[in-house]
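Please open the structure in your viewer and keep the selection panel at hand. The tour below moves from one selection to the next.

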Amino acid sequence: MKIDFSTLRPVTLEDRKLFDEKLAVLASQSCECSFANLFMYQQPYGLEFVEAGDRLVVYERHARTIHYPIGKWTTPEELKEIIDGSDNIVFFGGAGVSTESGIPDFRSVDGLYHQQWSDPPETILSHTYYERYPEKFFAFYRAKLLCPDAKPNAAHRKLAEWERAGKLKAVITQNIDGLHQAAGSKEVLELHGSTLRNYCERCGKFYGVEAIARSAGVPTCSCGGRIKPDVVLYEEGLNEDTLYKAVRYIAEADVLIIAGTSLAVYPAAGLVNYYRGHKLVVINKTPLGDKTRADLVITGAVGETLAQV
């Protein structure tokens with residue numbers, strides 16, 4: 001696919017050097033870069049990519065919008081008016097969507113990353129750690145990432161209801177718990193994979209979550225190969241097809257709801273910058289500050305909020 005740099009322009013003379021560096025990096029790698037790899041440049045270089053026919057057009061975000069102000073504070077009743085008036089809604093959710101199902105999040109005060117372990121959770125959940133210390137990886141994985149007794153909450157059920165009614169086009173989730181599907185949602189894009197899927201690294205045989213949960217040490221296949229969870233670890237890339245579909249859904253959405261996420265994990269968090277509409281809703285227990293250009297903001301639990309809509 002041809003990469004189109006024609007829309008890139010430096011904003012000020014002071015930006016000229018940085019702009020030239022960006023362009024040089026992208027131009028030198030565009031021939032062999034996949035869509036997913038190009039997407040990785042969005043955050044560090046302030047760029048975004050939009051498909052236009054046989055071209056991938058590169059935009060410089062701050063050339064069009066320098067500040068993303070927080071939108072007006074609103075209520076579930078006002079959100080209901082937006083939902084009732086749209087049949088093209090996309091939901092982008094993070095760990096906060098599942099906390100009401102008893103699954104801890106990562107970055108809150110009581111989250112996983114604030115708990116004490118022999119190594120930082122971010123390190124344990126990396127590809128390098130998985131390869132070097134598989135026994136310690138799986139001990140942590142079983143203890144903290146498998147939640148077999150968790151059930152869908154009000155947020156999961158409401159989204160499935162909207163989809164059945166023809167209003168919700170897709171759920172894009174950073175979660176790996178499978179609760180959206182358990183609630184009945186069909187079009188679910190799992191950016192970081194799922195604990196419910198596992199496969200043998202040697203022969204490719206599929207295994208359910210029980211193969212991990214009921215094993216001890218490093219789980220192995222009948223062929224002797226190691227069974228790997230189908231989740232995206234730190235240092236691993238996102239699935240390119242999933243990423244591509246997520247971009248398309250967000251770019252074409254009338255209403256985009258961002259819920260239960262700190263927008264701290266890239267490249268997934270950068271997806272929201274592809275939204276072109278004016279009905280961007282943020283539902284979160286804590287304010288996201290200038291991370292979004294939200295039109296409506298609701299501070300509260302996701303399930304509790306959506307149950308009132």
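How many bridges join strand S11 to S12, and do the two strands run parallel or antiparallel? Select residues 255-259, which form S11, together with S12 in this predicted model: 4 bridges join the two strands, and they run parallel. Within this pairing, Ile257 stands opposite Val281 of S12.

Keep S12, residues 280-284, selected and add strand S13, residues 296-299, on which S12 also pairs in the parallel sense, again over 4 bridges. Val281 is a convenient residue to centre on, since its bridge partner in S13 is Leu296, while Ile257 stands opposite Val281 as well.

Now show the side chains of S12. In a regular strand the side chains alternate between the two faces of the sheet. Here Leu280, Val282 and Asn284 point one way, whereas Val281 and Ile283 point the other way. S12 is mostly covered, with 5 of its 5 residues buried.

Next, select helix H9, residues 154-164, and colour Ala155, His156, Lys158, Leu159, Ala160, Trp162 and Glu163, which are buried. To see what covers these buried residues, display the surrounding elements, including helix H5 (76-84), strand S5 (89-93), strand S6 (168-173), helix H10 (179-183), S11 and helix H13 (302-306). The two ends of H9 can then be inspected in turn: at its start, a side-chain oxygen of Asn153 reaches to within 2.8 Å of the backbone nitrogen of Ala155, and just after the helix, Gly166 takes a positive phi of about 80°.

From H5, move along to the loop between H5 and S5, where Ser86 is placed. Is Ser86 buried or exposed? Ser86 counts as buried because its relative accessibility is 3%, below the 20% cut-off used for that term. Its side chain makes a polar contact of 2.8 Å with the side chain of Asp254. If neighbours within four places in sequence are left aside, the residues in contact with Ser86 are Lys167, Asp254 and Val255.

Finally, clear the selection and view the whole protein, which has 13 helices and 13 strands. Of its 309 residues, 49% count as buried, and the protein exposes about 14900 Å², of which carbon and sulfur atoms supply 52%. Among contacts between residues at least 6 apart in sequence, 64% join residues at least 24 apart.

Definitions and conventions: Residues are numbered from 1 along each chain as its sequence is written. This is a predicted model: local features need pLDDT of at least 70, side-chain atom pairs count only at pLDDT 80 or more; totals for chains, interfaces and linings use all residues. Side-chain values use heavy atoms; hydrogens and water are left out. Buried means under 20% relative accessible area, exposed over 50%, partly exposed in between (1.4 Å probe, protein chains only). Two strands pair if DSSP finds at least two bridges between them. Contact means heavy atoms within 4.5 Å. A polar contact is a pair of N or O atoms within 3.5 Å; within protein, one must be able to donate a hydrogen and the other to accept it, and residues adjacent in sequence count only if both atoms are side-chain atoms. Accessible areas come from the Shrake-Rupley method with a 1.4 Å probe; for residues, only the protein chains shown count as cover.
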